[in-house]
Amino acid sequence: MIWLIPIIPLAGSLIVGLIGRRMPRTLATVIACGTPSLSLLLSVMAFVRLLQMPAEGRLLRSSIGSWIASGDFSVSFGFLFDPLSAIMALVVCGVGLLIHIYSIGYMAEDRDYHRFFALLNLFLAEMLVLVLADNYLLLFVGWEGVGLCSYLLIGFWFERPAAASAGTKAFLVNRIGDGAMVVGLIWMILLFGSVDFQTVLTDAPTVLVYGSVTASLLTLLLFIGATGKSAQLPLYVWLPDAMEGPTPVSALIHAATMVTAGIYLVARSAPLFQLAPVSLEIVAWVGGLTALYAASIALVQTDIKRIIAYSTISQLGYMFLGLGVGAYAAGIFHLMTHAFFKALLFLSAGSVIHALAGEQDIRKMGGLRQFLRVTAGSFLVGALANAGIAPFAGFWSKDEILAAVYASGHGPLWVIGALTAAGTGLYMFRLYFLAFEGKSRLDAHMLSHLHEAPWSMRLPLVLLALGSATVGFVGVPPGSGLLQRFLGPVFPASAHEATAEPTSEVVLAVAVLAMAVGGIVMAYRYYLLDPQRSEALAARYPALYRTFFHKYWVDELYETAVVRPTVTSARTLSELFDARIVDGSVNGIAALAARAGSLLRRLQTGQVPTYILSILVGAVVLLGYLAFSG
Amino acid sequence: MSPTGGPILSMLIIIPLCGALVLVCIDGAREALIKRLALAISSLVFLLSLIVYAQFDPATAGMQFVERAPWIDSIGSSYLLGVDGISLPLLLLTTFLTPIAILASFSGITSRVKAYMICMLLLQAGMIGVFVALDLILFYLFWEGMLIPMYFLIGVWGGRRRVYATLKFVLFTMAGSVLMLLAMIAVAFLHQGSTGRSTFDLLELIGGSIPYGTQLWLFAAFALAFAIKVPMFPFHTWLPDAHVEAPTAGSVLLAGVLLKMGTYGFLRFALPLFPEAAAAFTPLISVLAVIGILYGALVAMVQDDLKRLVAYSSVSHLGFVMLGIFAMNVQAVEGSILQMVNHGLSTGALFLLVGMIYERRHTRMIEEFGGLSRVLPRFALCFLVVTMSSIGLPGLNGFVGEFLILAGTFRAHKGFAILAAIGIILAAVYMLWMWQRVMWGQSRRAENLTLNDIGRREMAMLMPIILLILWIGLNPNPLLRRMDASVAQLVEQVAGSPKADLPLLLRGFALQGLQPEFAHAIFTPNSQPRNPCESWN
């Protein structure tokens, strides 16, 4: 039954994509939104069955046969549904369904309505393969499949040059990570003789030596793959550009689901990572630094979607931070709450962009709350959750990560996390105040056209807002909530996060909360009360401001250090080496043969006296040779 | 005789030959009839080959459907055909692609249709012969004979610089083949020297005891011929020229089938005949293969002409195949054979697709296009699937082959596998960059806006390939299962011989090079009793 969960949206994709145009539009829409509903229903049913099982043995499997069998290696189309997969599948189907519904309104005017839904369904199918696969290779099918959908959806409006190059960039940057991951997988085959989760994860402690170089390298190769897909340093550069895609795509793929695949991969491979303390340390630091780094960029951006995109990178950093200190359940908890509030933020932003006919610059907005009440309200909920304000969802999950970081003895990382929390409050509410509060900076024409979105867009907003407000409670009390107890058996026993004593945990939580509130207060004073002050601040630290604004010039750095040298060397190879030397020597040999031929041709003059002379000379030489040698 | 009771392999060769004869007798003006007849004949051959596939016994490692008849008794050469798990996939690839290539020529070829179709059928017979011949002389006959129709296909129906391209192609290939012929004769002589029996039967020659130093020389001769055909870096420069000038169908068969003859030659002849030399050459060939992977990809990246881009991508893909073959374990070799089929499908389809836009716009320059996805949605969908197959998207065929090659290579040599993995990244770079410039963005020419999307005939060419791309991607086991026994046997024959690094290899050549008996056999034709010419008198 499990295998049906991904197959249904796949079928939907084929139907809508290949014959959708020939059927009534309503029917196509019903199919496109019906398949995620069915998958959600099946996931819920499987989830209920899991709950009925004893806590330690919660596992459903189903296989639809062998995929590749060669020599002593074989891998099957096997699916598994355990607590970790269950959470992922529920999030993917649930948020996915809401975003499908939202897209009915958002994409209504687009001439490629059918292509959009076909790709959205295909994405859902591939994402479900990714989270339900029972082996690494099938996971990789989903992994690359979602990458393909992401590529095609970023480039959905492919006639825009920016969208076209953003799509290519996303695929290629991801491909770098995937290359590393492939090496990891083939190494895994060599070590374990298998890529099945069951075999690899059970045998890991006997095959790999704790702390060995092999364990570290293997897990790092997987992690490099994860940094590509989950947009971490140094491979995050594709995600901000991915905002060229339609906003529902940003919400579904580039916030709620696909970008969390890296988190899922690391969490799934927890038994491997437990054997590689060095790798875990690297995961934690990459996550922490990315969180702070992306938040600093988000502080000064002006495009509503890009700010949220940097926020996504930052929040994904938190999740890796949690995984890196062994708090796997906390990382997945944050993944889940983030899926709600980040999808909400993107969809609200989409509603704004929809209302403003494509305007994305927050400097040109302001005062939108009066016109878009539902949108503004839901955005506010999302912003509070994202900023980690109690009791909204993001507070609980982020708090649990930071508590685990502190308890594991990573003081500096905790400071980084707390600083990021302050930054998050600041950039989130800078965005909220500039866009929704204060005086409107819209022109009169735009003002007259302002309208709240249709019901199909408002409904998902309201539902996601409810989720963002409440879903955090499944993780309360910290460390032993419903979610943690549900996920607990999946992760290695030693990895249950070390919890600090309750009093210090409360102190820490209050401290981080205070940082976040401080960020919000600062945003309020600098962007709402007295906007001039923010400009003065930027003027006072011009170097810092420009560094943030230009995103640390990393895109420029990659362009100069990687892209251009590659193209230049390829051109040199092609135009100098290949054309002149390789091909030149071939043609040179041919020319030499021709030259030799034409030289020899001169011997054949056709004049009998020359021939007779030659014969004579030859005969004399021959006779002489015989006479003297004999 | 085959299980069907009929000489089915011979029929696969004879039917297109007879078909060509029939075409000769038809009035050249009746073009429609000629086209349909050629298509029908090649399709019939394909259907017959399906019988071979169906009746093939996966459990047998050795040759099946073996046919043997006396041929040139005086030198011990016989008419010997057979297939095993190594040649079966390639045989099917050939019979599958030929009708599609013929269908692709319906609109593109407007002059001398009759002669063209005769060439196509002769080519089909020749290609099939190469993959089923098990006698060295017979193999050589097909190997060289197949060049003739290809020579005309490019030289008569090709582009502007067709004469240059076709001469380069034929001369380059023949330069290698001549050495191979000498080596073949030497192998037979050596065999006769040790057993007293003169034969060119491959199955009998395998397992003979050729001294190591002699093996090196003979392997080198075979390897050169095959490496040119593959083509391996640095013998590849005939390929872009030949592709650019060849008509669409010529490119499809050139890339789809002809290149595989080189890689097949290594598997069928060079490895089992000279296992120790093959092992000694492994490091050198692996290095060249890895260079080919990266070099082909980098050079492909900066091509302006779509056909040149695809041609260089072939150099890269065939590098993977060679790397897998010389990893010499079951996964890598099966991956290589599968990848030969995959490359035939995806690159064949790429040339078809390029041909389609060439027929519409009479240019293949990337800069002339842009935004084609809007105008040609069906074309775009097909192109997308093929592109993804070519860059190895999991779920499609290319991934299975590449992954098996990498997994097998990693066992044999970690460094090569890691470098090859970089090739996977680069493959995405050149294909998607091309895609962005051709299919996405704004159209750069007004002519592009009025193009017609692909029609029914073109769909009929692409759909079978696309279905196979999906089918092999999701279910490669029917093919892999049929390879298992034969590949395992080959690996057993070859593996275990010591590898040599480059200096050692060169010393082997210099010091042990010409063993006395080898030199004797080659350079003293009058000596008794080794001279098979004796019986001619």
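Where is the place of Leu148(A) in chain A? In this predicted model, Leu148(A) turns up in helix 5 of chain A, and that helix runs over residues 136-154. With 21 C-beta neighbours inside 10 Å, where 20 are enough, Leu148(A) counts as buried. Setting aside residues up to four places away in sequence, the contacts of Leu148(A) are Met388(B) and Leu393(B), both carried by chain B. Back within chain A, the C-alpha atoms of Leu148(A) and Glu126(A) sit 9.5 Å apart, with 22 residues of chain separation.

Trp187(A) is another residue that touches chain B. Trp187(A) belongs to helix 6 of chain A, which spans residues 161-192. The count of C-beta neighbours inside 10 Å is 20 for Trp187(A), so this residue just makes the cut-off of 20 for being buried. Beyond its sequence neighbours up to four places away, Trp187(A) touches Leu218(A) and Leu221(A) from its own chain, plus Phe410(B) from the other. For Trp187(A) and Leu221(A), 34 residues apart along the chain, the C-alpha separation comes to 9.7 Å.

Now for the interface as a whole. Contacts between the chains involve 39 residues of chain A and 40 residues of chain B. On the chain A side, the elements giving two or more residues are strand 1 (60-70), helix 5, helix 6 and helix 25 (554-603). Helix 6 gives the most, with 15 residues. By residue class, this side of chain A splits into 23 nonpolar, 10 polar and 6 charged residues.

Phe410(B), the partner of Trp187(A) in chain B, also takes part in a helix-helix contact. Helix 17 (residues 397-412) and helix 18 (residues 414-438) of chain B have axes that come within 7 Å and cross at roughly 155°. That angle is over 145, so helix 17 of chain B and helix 18 of chain B count as roughly antiparallel to each other. Helix 17 of chain B brings Glu402(B), Leu406(B), Thr409(B) and Phe410(B) to the contact, while the residues from helix 18 of chain B include Phe416(B), Ala417(B), Ala420(B) and Ile424(B). Sorted by class, the contact has 7 nonpolar, 1 polar and 2 charged residues.

Zooming out to chain A, the model has 26 helices and 2 strands there. The C-alpha atoms of chain A fill a box of roughly 115 × 65 × 60 Å along the principal axes. Of its 630 residues, 55% count as buried. Among contacts in chain A with a separation of 6 or more, 81% link residues 24 or more positions apart. The domain assignment gives domain 1 (276-549) and domain 2 (555-629) of chain A, and their C-alpha centres lie 70 Å apart.

The two strands of chain A pair up in the antiparallel sense, over 8 bridges. One of the bridges puts Arg61(A) opposite Leu80(A) in strand 2 of chain A. The hairpin has 2 residues between the strands, and Gly71(A) takes a positive phi near 60° in it. Strand 2 (residues 73-81) of chain A is largely enclosed by the rest of the structure, because 7 of its 9 residues are buried.

Chain B has a hairpin too. Here strand 1 (residues 64-72) and strand 2 (residues 77-83) of chain B are antiparallel and share 6 bridges. Glu67(B) faces Leu81(B) of strand 2 of chain B. This hairpin of chain B has 4 residues between its strands, with Gly76(B) in the turn at a positive phi of about 80°.

Finally, some backbone oddities. Most residues other than glycine have a negative phi, and most peptide bonds are trans. Phe65(B), in strand 1 of chain B, has a positive phi near 55° despite not being a glycine. With 25 C-beta neighbours inside 10 Å, Phe65(B) counts as buried. Tyr552(A) likewise has a positive phi, near 60°, but lies in the loop between helix 24 (542-549) and helix 25 of chain A. Its 13 C-beta neighbours inside 10 Å make Tyr552(A) partly exposed. As for cis peptide bonds, one joins Val230(B) and Pro231(B), with omega about -15°, and another joins Phe233(B) and Pro234(B), with omega about 0°. Pro231(B) is in the loop between helix 9 (212-229) and helix 10 (238-245) of chain B, and Pro234(B) is in the loop between helix 9 and helix 10 as well.

Definitions and conventions:
Residues numbered from 1 in each chain as written. Chains lettered and ligands numbered in written order. Predicted model: local features only at pLDDT ≥ 70, side-chain atom pairs only at ≥ 80, totals over all residues. Buried ≥ 20, exposed ≤ 12 C-beta atoms within 10 Å, placed from the backbone. Contact = placed C-beta atoms within 7 Å. Nonpolar A, V, L, I, M, F, W, Y, C, P; charged D, E, K, R; others polar. Domains from an automatic or database assignment. Axes fitted to C-alpha atoms, helices over the stretch in contact; angles between N-to-C directions. Parallel < 35°, antiparallel > 145°, perpendicular 65-115°, else oblique. Pairing = 2+ DSSP bridges.
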